[in-house]
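Shall we read a protein model together, one feature at a time? Have the viewer open and follow along.

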Amino acid sequence: MTKDNIIIIGGYGHVGKILCTELSEMFPGKVFAAGRSMERATEFSKQSGGKVLPLQLNIHEPIDPSILKQAKIVIMCLDQENTDLVRACLQHGVHYMDITANAAFLSQVEQCHQEARAYQATALLSVGLAPGLTNLLALQATQLMDQTDELNISLMLGLGDKHGQAAIEWTVDQIHTDLEVMEQGRPVIRKSFSDGRVADFGAGVGRHRAYRFPFSDQQTLPHTLDIPTVSTRLCFDSRLTTRLLAGLRTTGISGLLRRSSVRNAVVRSFSKLHLGGNAVAVKVDARGTLHGKETKVECQLRGHHQSDLTAKAAVFAALALYRSELPHGVFHMEQCFSWNRMREWLGQQVAVDIQVNGQQV
């Protein structure tokens with residue numbers, strides 16, 4: 001039996017659809033859009049002209065082993081509570097890839113490293129925009145210095161962009177949470193949407209104040225790249241909206257988001273909000289030493305449509321997994337790829353500017 005199917009769970013969701021469409025152009029009839037609703041999966045399959053096939057699959061129930069017998073890769077576009085499905089994939093020798101930004105879940109998957117090696121499978125994590133492109137830009141920054149002491153990542157999202165329902169819900173749910181970050185090699189707890197820092201995103205975007213946000217890259221990078229202090233912050237292209245959310249956090253009013261009626265109303269308004277554009281920007285500010293001298297590296301990335309960039313990065317990673325180019329075990333993007341390879345792949349979709357001590361490289 002040939003193991004050559006690509007199963008995308010959450011495949012008829014916002015990012016999942018883009019992933020399915022791109023991969024089905026290369027592997028028609030081998031890509032399955034999987035999820036709880038057979039009706040939605042079938043409808044999407046028809047829209048694709050049959051290049052994408054439908055598959056009913058509920059992540060809260062054990063996966064049918066016959067599905068895994070024919071699968072080469074499973075790509076996860078939904079958030080999960082436990083690693084049951086991940087382990088089922090690995091135990092069947094199926095490569096696994098995840099676009100979640102949930103740090104607690106990713107650390108659970110990391111524990112499956114030896115299991116993945118034993119079954120000759122690869123699990124690839126931190127795939128997408130943040131984490132993903134942010135991880136690779138962080139890697140690039142560290143490679144331009146002998147030692148990196150501190151890394152600050154800032155992400156700007158356009159409010160006028162189309163965001164998937166799950167992404168909006170996750171963002172709203174994180175506004176009033178605490179997060180663990182590494183400072184000088186020690187874990188400390190910080191409040192989400194606090195401790196604003198100005199980031200210069202470069203041409204056409206400019207300077208924005210961004211606030212702490214629980215993207216998983218800041219938990220991963222201290223270990224994978226050996227950096228003692230890492231933080232990730234978020235802002236929106238609408239400075240007013242960013243300030244408003246920070247104000248709600250400062251005054252404690254954001255605590256009302258714990259009430260489901262308030263939370264659902266905010267999620268609905270975010271879904272309908274089209275105050276801004278569809279721009280997306282990343283800024284990595286790194287500080288360290290090069291040849292014994294204090295050095296500052298700045299990496300700027302600008303593009304459009306967050307979901308498209310997430311999917312584009314995920315397709316790049318999926319192709320490497322499909323070709324079995326990666327070692328067996330559990331890895332994050334920055335442990336398997338270089339920024340230069342990704343930069344080439346993204347082509348004209350992004351503008352990138354990298355400087356060391358103010359000098360272009």
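What follows is a friendly dialogue about strands, cores and one chosen residue.

Q: Before we start, what kind of model is this?
A: This is a predicted model. Keep that in mind as we go through the features.

Q: How do I read a sheet, and in which order do the strands of the open sheet lie?
A: Follow the pairing from one strand to the next. Here an open sheet of seven strands has the order E3-E2-E1-E4-E5-E6-E15, and the pairing is parallel. Strand E3 (52-56) and strand E15 (329-332) are the edge strands, each pairing on one side only. Ignoring direction, neighbouring strands of this sheet are turned by 20° against each other on average.

Q: How many bridges join strand E1 to strand E4?
A: Strand E1 (residues 5-9) and strand E4 (residues 71-76) run parallel and are joined by five bridges. To find the register, look at Asn 5, which stands opposite Ala 71 in E4.

Q: Do strands E10 and E11 run parallel or antiparallel?
A: Strand E10 (residues 197-200) and strand E11 (residues 207-212) run antiparallel, with four bridges between them. Val 198 stands opposite Arg 209 in E11. E10 and E11 form a hairpin with six residues between them, and Gly 202 in the turn has a positive phi of about 90°.

Q: Now the interior: which residues touch the most other members of the largest nonpolar core?
A: A core can be read as a network of side chains in contact. The largest nonpolar core here has 84 residues, and Leu 23, Ile 75, Leu 124, Leu 151 and Phe 337 touch the most other members. Helix H12 (residues 306-322) gives the largest share of this core, 12 residues. A second, separate core of 29 residues includes Ala 34, Met 76, Leu 90 and Ala 121.

Q: What does Ile 75 touch, leaving out residues up to four places away in sequence?
A: Its partners on that count are Ile 6, Ile 7, Ile 8, Ile 9, Leu 19, Leu 23, Met 97 and Ala 318.

Q: Let's end with a single residue: is Thr 232 buried or exposed?
A: Check its relative accessibility: Thr 232 counts as buried because the value is 0%, and buried means under 20%. Thr 232 is found in strand E12 (residues 229-236).

Q: Which contacts does Thr 232 make beyond four places away in sequence?
A: Thr 232 touches Ile 153, Tyr 211, Arg 212, Phe 213, Phe 215, Asp 217 and Gln 218. The side chains of Thr 232 and Asp 217 are joined by a polar contact of 2.7 Å. Arg 212 lies 20 residues from Thr 232 in sequence, with 5.9 Å between their C-alpha atoms.

Note on methods:
Residues numbered from 1 in each chain as written. Predicted model: local features only at pLDDT ≥ 70, side-chain atom pairs only at ≥ 80, totals over all residues. Heavy atoms only, no water. Helix = DSSP H or I, 4+ residues; strand = E, 2+ residues; numbered from the N terminus. Buried < 20%, exposed > 50% of the residue type's maximum accessible area, 1.4 Å probe, protein only. Contact = heavy atoms within 4.5 Å. Polar contact = N/O pair within 3.5 Å; in protein donor to acceptor, adjacent residues only side chain to side chain. Core = buried A, V, L, I, M, F, W, Y, C linked by side-chain atoms within 4.5 Å. Pairing = 2+ DSSP bridges. Axes fitted to C-alpha atoms, helices over the stretch in contact; angles between N-to-C directions.
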